[in-house]
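Thanks for coming, everyone. I'll keep this brief and go feature by feature. Please have the viewer open.

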Amino acid sequence: MNLQRLCRLDELPDGGSRGLLRRGGDDQLCVVRQRDEVFAYLNDCPHEHRPLEYRQDRFLAADGSHIVCYAHSAHFDIRSGLCFAGPCTGERLVPVPVTLRDGDVWVPAVLPNLFD
Ligand code: FES
């Protein structure tokens with residue numbers, strides 16, 4: 001699989017989130033770091049297919065414990081992308097496989113363009 005370099009691991013705040021792969025006015029990916037693990041999802045809420053964040057890079061609940069879609073407050077597990085509360089309970093964010101190599105974060109080179 002061809003990969004594209006997303007960023008350096010140390011550009012992701014530990015316990016925080018970032019939006020990356022900006023196209024048009026939206027970031028294509030929601031990326032969450034927890035210590036040396038990185039989880040990435042398409043920035044596309046399964047409820048109404050809107051971007052998740054309430055402002056740039058803000059994808060997490062105040063305590064950092066889960067991802068929140070701010071449109072209608074769907075709550076998603078960081079590790080699985082499963083919605084466990086809110087209007088799309090039982091649905092999932094679309095995961096993007098992440099490869100960590102030599103301090104860099106890589107994702108597949110071909111990702112769907114959601115917001116064109
Ligand atoms: S669009 Fe995400 S909860 Fe409604």
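I'll take the sheets, then the cysteines, then a few single residues, and end with the pocket.

One caveat up front: this is a predicted model.

Start with the sheet that holds the N-terminal strand, S1. Three strands make it up, in the order S1-S10-S9. The sheet is open, and the pairing is antiparallel. Which strands stand at the edges? They are S1, residues 3-8, and S9, residues 99-101. Each has a single partner strand, so one side of each is left without a neighbour in the sheet. From one strand to the next, the twist averages 35 degrees.

Now the pairings within that sheet. S1 and S10 are joined by 5 bridges and run antiparallel. To find the register, look at Cys7: its bridge partner in S10 is Val105. On the other side, S9 pairs with S10, residues 104-108, over 3 bridges, again in the antiparallel sense. There, Arg101 sits opposite Asp104 of S10.

S9 and S10 also form a hairpin. The connection has 2 residues between the strands. Asp102 is in that turn, and its phi is positive, at about 50 degrees.

How many residues of S10 are buried? The count is 4 of 5, so to speak a strand that is mostly covered.Next, the second sheet. This one is open too, with 3 strands in the order S5-S6-S7. Its pairing is antiparallel. At the edges are S5, residues 67-69, and S7, residues 83-85, and each pairs on one side only. Neighbouring strands here are turned by 35 degrees against each other on average, with direction ignored.

Look at S6, residues 74-76. S6 and S7 run antiparallel, with 2 bridges joining them. Phe76 stands opposite Cys83 of S7.

That brings us to the cysteines. How many disulfides does a search of the whole structure find? The result is 0. Take Cys30 as one example. The closest cysteine sulfur belongs to Cys69, and at 10 Å it is too far for a bond. Cys30 is also buried, at 0% relative accessibility.

Cys83 is another case. Its nearest cysteine sulfur is that of Cys88, 3.8 Å away, and Cys83 is in no disulfide. Why does that pair not count? Because a disulfide needs the two sulfur atoms within 2.5 Å. Cys83 is buried as well, with a relative accessibility of 1%.

On to Val96. This residue is placed in strand S8, residues 95-96. Is Val96 buried or exposed? Buried: its relative accessible area is 7%. Now find Val31. Val96 and Val31 are 65 residues apart along the chain, yet their C-alpha atoms are separated by 9.4 Å.

Two loop residues deserve a look for their backbone angles. The first on my list is His49. His49 is not a glycine, but its phi is positive, at about 55 degrees. You'll find His49 in the loop between S4, residues 37-42, and S5. With 51% relative accessibility, His49 counts as exposed.

Then Ser73. Ser73 also has a positive phi, near 65 degrees, and is a residue other than glycine. Where does Ser73 lie? In the loop between S5 and S6. At 40% relative accessibility, Ser73 is partly exposed.

Last stop, the pocket. The largest pocket holds about 160 Å³ of space. Its lining is made of 13 residues. Which lie nearest its centre? Ser17, Arg58, Phe59, Leu60 and Ala61. By class, the lining splits into 7 nonpolar, 4 polar and 2 charged residues.

To recap the sheets: S1-S10-S9 is one order, and S5-S6-S7 is another. Keep in mind that the model is predicted. That's what I have. Over to you.

Technical notes: Residues are numbered from 1 along each chain as its sequence is written. This is a predicted model: local features need pLDDT of at least 70, side-chain atom pairs count only at pLDDT 80 or more; totals for chains, interfaces and linings use all residues. Side-chain values use heavy atoms; hydrogens and water are left out. Two strands pair if DSSP finds at least two bridges between them. Axes are lines fitted to C-alpha atoms, for helices over the stretch in contact, and angles run from 0 to 180 degrees between N-to-C directions. On a 1 Å grid over the protein atoms alone, a cavity is a set of points where a 1.4 Å probe fits but cannot get out, and a pocket is an open set with protein on both sides within 12 Å along at least five of seven lines; lining residues have an atom within 4 Å of a point. Grid points are joined across faces, edges and corners, and a volume is the space filled by probe spheres set on the points. Ala, Val, Leu, Ile, Met, Phe, Trp, Tyr, Cys and Pro count as nonpolar, Asp, Glu, Lys and Arg as charged, and the others, Gly among them, as polar. Buried means under 20% relative accessible area, exposed over 50%, partly exposed in between (1.4 Å probe, protein chains only).
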